[in-house]
Amino acid sequence: MRKWLLAFALGVSAYVQAQQKYNLQQSITIALENNLQLRQLMLQVQTNQNVFEQSKWQRYPTLNFSGSQGLQSGRNIDPFTNQFVEQKVNFSNFSLNTGVNLFNGYQQKNIIKQNQLNVQATQKDVEANRNALVLNVASAYITLLNNQEQLEFARRQAETTRLQLDRTDRLVKAGSLPQTNLYDIQSQLANDELSIVNAQNNIELAKLTLKQYLNLPASEVFEIEAINLPAPSATTPYSATLEQVYNAAIKYLPDLDAANLRIESAKTGIEIARGAKLPSITLGGGLSSSFSSAAPKQRFVGDGGASTIMDVPSTTRYVSYAGFSVPVIEKVTVPSGSIQDFGYFDQLNFNRNASISLSLRMPIFNGYQVRYRIANAIIQQKNLEYQYQIIQNQIRQTVEQAYYSMVNAAKRYDATSRQIASLELSFKAAELRFNAGAINATEYNIAKNNLDRSRASLIQAKYEFLFRTKILDFYQSRSITLE
């Protein structure tokens, strides 16, 4: 029972999935969520953000600790006394150092500014790539709609030909029409069926293209919603003029913003290069200490009290008296204090050393490195200014192409509609004459094919108009919908 319920649930789930249809906005959302290139760009934004944050910390002092432990044998210098010794010596060295750059020609300030501009430019790159993906999805979606309608049209035309084939077959059997007419109509039906196959193939290819933009496997079930489109109007094809669309595009599209931010970054790069011509001032400080096993384990430590004078027999000076050697009594000043243990931490405390320094670095001649860095930074700025103009021209050309393609599609739709009205009358007349035996099947097929081509062209013009208007809408920061 459980297995049956599980199978039933899976079947229902698969059925629901198969029946679900996606509109354009849902397709765009899936594409944005699944696009790996966008994720890579967002990682680049995070990387540049980290570089920017780290460069701000460069204004603060550094603090570093270092330590070492070692063993020396044979003839060595005692780190404690700086004297040669013939023994094994254990030693330790510790240091704590700090430093801060007080002035470096405003380079650090400009580096922070440049890194911030790089973050903003990369964020604009993400937006530009999002826009490109949205337009690609819209193009693939509308192409799929066009191909689906072309398929329906091809099926209707094939059905019309089948009906005519039945009538022709009856007329041939009745002796009203020659057998060749039947063969011609059968040939026309084969052509119509081939058109259906081609239309189905075009649908599969368009659906595959759309799935690839959505980063979905080709085997996944994916259907789109059918829509009813209004007929284009050749008199008022669009609500905005070409210049209005272009002026809105250069304000809305992030491509120009990214290019402009990179120009500002290049200008800051020039200031960074020029900063290397100025002097730099650095403040530093350090604290260090060391330990040596060769140092005495005990030492006299004064307590600050008054010294005393003691009589101490000399161990090296003697006088003779009555045949005896008598040591000389010396008066020795003994400071107030006591002998204390001199351990590891006592020695580190005794050997501590502190330092502070102020460094000035004045560049005089470095093989013209700074000069050429400035020259290259200026070239980079000019290159980015040209890139800005290129992007601006590309936007204008894209808007112009979309606008005139939209206008031409509306005109083509209007002209094709009038052509179809005439061809429909011509086809009806040809059909009546063919059924009456006044014309042969070849003339009938010519009239039908002319009408079919015009109707297919009408569908193509309608979707071409739709796509171009959506591009123009998008360039004016309007959402792309097909309602």
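In this predicted model, S477 is partly exposed, with a relative accessible area of 48%. That places S477 between the 20% mark for buried and the 50% mark for exposed. S477 sits in the segment after α10, and its phi is positive, at about 65°, even though S477 is not a glycine.

The helix just before this residue, α10, runs over residues 441-475. With its 35 residues, α10 reaches 51 Å from its first C-alpha to its last, close to the 51 Å expected at 1.5 Å a residue. At the other end, where α10 starts, a side-chain oxygen of N440 comes to within 3.2 Å of the backbone nitrogen of T442.

Helix α10 also has a partner. Two packed helices are described by the angle between their axes and the distance between the axes. For α6, made up of residues 242-252, and α10, the axes come within 8 Å and cross at roughly 55°. That makes α6 oblique to α10, since an angle of 65 to 115 degrees would be needed for roughly perpendicular and one under 35 degrees for roughly parallel. On the α6 side, the residues that meet α10 are V245, A248, A249 and Y252; on the α10 side they are L472, F474 and Y475. Sorted by class, this contact has 7 nonpolar residues, with no polar and no charged ones. As for the spacing of such residues, an α-helix has 3.6 residues a turn, so residues three or four places apart point the same way.

Now for another helix, α5, which covers residues 179-213. Helix α5 has 35 residues and spans 52 Å from first C-alpha to last, close to the 51 Å expected at 1.5 Å a residue. What follows α5 is worth a look too: just after the helix, N215 takes a positive phi of about 60°, although N215 is not a glycine. This residue belongs to the loop between α5 and β6 (223-224). N215 is partly exposed, its relative accessible area being 43%.

Another asparagine, N93, lies in a strand, β5 (residues 89-103). N93 is partly exposed as well, with a relative accessible area of 32%. Leaving aside residues up to four places away in sequence, N93 touches S66, G67, S68, S289 and S290. L229 is another matter: N93 and L229 are 136 residues apart in sequence, and their C-alpha atoms are 83 Å apart in space.

Terms used. Residues are numbered from 1 along each chain as its sequence is written. This is a predicted model: local features need pLDDT of at least 70, side-chain atom pairs count only at pLDDT 80 or more; totals for chains, interfaces and linings use all residues. Side-chain values use heavy atoms; hydrogens and water are left out. Axes are lines fitted to C-alpha atoms, for helices over the stretch in contact, and angles run from 0 to 180 degrees between N-to-C directions. Helices (H or I, at least four residues) and strands (E, at least two) are DSSP runs, numbered from the N terminus. Angles under 35 degrees count as roughly parallel, over 145 as roughly antiparallel, 65 to 115 as roughly perpendicular and the rest as oblique. Contact means heavy atoms within 4.5 Å. Ala, Val, Leu, Ile, Met, Phe, Trp, Tyr, Cys and Pro count as nonpolar, Asp, Glu, Lys and Arg as charged, and the others, Gly among them, as polar. The expected span of a helix is 1.5 Å times one less than its number of residues. A polar contact is a pair of N or O atoms within 3.5 Å; within protein, one must be able to donate a hydrogen and the other to accept it, and residues adjacent in sequence count only if both atoms are side-chain atoms. Buried means under 20% relative accessible area, exposed over 50%, partly exposed in between (1.4 Å probe, protein chains only).
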